[in-house]
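Here are my notes on the model you sent. Please read them with the structure open.

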Amino acid sequence: LGSHLGCVVMAMYAVAQSRDGERIVADETFGARLRRLREAAGQTQQQLADLAGMHRYGLAKLERDERH
């Protein structure tokens, strides 16, 4: 993962914590967590991909836990 995506995910995590009351699901995959946090932040895949400097299809693959 690029450093930009990592920063965006951490920022979204902080937003989701404040909205979800620190809702953390221990058994969810990275992709499921990424999607949950993105949706909690009210971001579309395209918006998050633009913030992370990546293509929307790459973000969609991450949310589906797919490799290259």
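1. Start at the end of a helix. Just after α2, Gly 42 has a positive phi of about 75°. Keep in mind that this is a predicted model.

2. Now α2 itself, which covers residues 30-40. Six of its residues are buried: Gly 31, Leu 34, Arg 36, Leu 37, Arg 38 and Ala 40. Note that Arg 36 and Arg 38 are on that list beside Leu 34 and Leu 37.

3. Next, the packing of α2 on α4. The two axes lie 7 Å apart, and the angle between the helices is about 120°. That angle makes α2 oblique to α4. From α2, the contact uses Gly 31, Ala 32, Leu 34, Arg 35 and Arg 38. From α4 come Leu 59, Leu 62 and Glu 63. By type, the residues of this contact are four nonpolar, one polar and three charged.

4. α4 also packs against α3. Here the angle is about 110° and the axes are 8 Å apart. α3 and α4 are therefore roughly perpendicular to each other, because angles of 65 to 115 degrees fall in that class. The contact of α3 with α4 divides into four nonpolar, two polar and two charged residues. On the α3 side are Gln 45, Gln 46, Leu 48 and Ala 49. They meet Arg 56, Leu 59, Ala 60 and Glu 63 of α4. Leu 59 and Glu 63 of α4 take part here, and both also belong to the contact with α2.

5. Which residues form the largest nonpolar core? There are five: Leu 34, Leu 48, Ala 49, Leu 59 and Leu 62. α3 (45-52) and α4 (56-63) each supply at least two of them. Leu 34 lies in α2. In soluble globular proteins, nonpolar side chains tend to be buried together.

6. Now the whole chain. The secondary structure comes to four helices and zero strands. Read from the N terminus, the order is α-α-α-α. Of the 68 residues, 32% are buried. The accessible surface comes to about 4500 Å². Carbon and sulfur atoms hold 53% of that surface.

7. Last, how the contacts spread along the sequence. Take the contacts with a separation of 6 or more. Residues 24 or more positions apart account for 50% of them.

Terms used
Residues are numbered from 1 along each chain as its sequence is written. This is a predicted model: local features need pLDDT of at least 70, side-chain atom pairs count only at pLDDT 80 or more; totals for chains, interfaces and linings use all residues. Side-chain values use heavy atoms; hydrogens and water are left out. A nonpolar core is a set of buried Ala, Val, Leu, Ile, Met, Phe, Trp, Tyr and Cys residues joined through side-chain atoms within 4.5 Å. Buried means under 20% relative accessible area, exposed over 50%, partly exposed in between (1.4 Å probe, protein chains only). Helices (H or I, at least four residues) and strands (E, at least two) are DSSP runs, numbered from the N terminus. Contact means heavy atoms within 4.5 Å. Accessible areas come from the Shrake-Rupley method with a 1.4 Å probe; for residues, only the protein chains shown count as cover. Axes are lines fitted to C-alpha atoms, for helices over the stretch in contact, and angles run from 0 to 180 degrees between N-to-C directions. Angles under 35 degrees count as roughly parallel, over 145 as roughly antiparallel, 65 to 115 as roughly perpendicular and the rest as oblique. Ala, Val, Leu, Ile, Met, Phe, Trp, Tyr, Cys and Pro count as nonpolar, Asp, Glu, Lys and Arg as charged, and the others, Gly among them, as polar.
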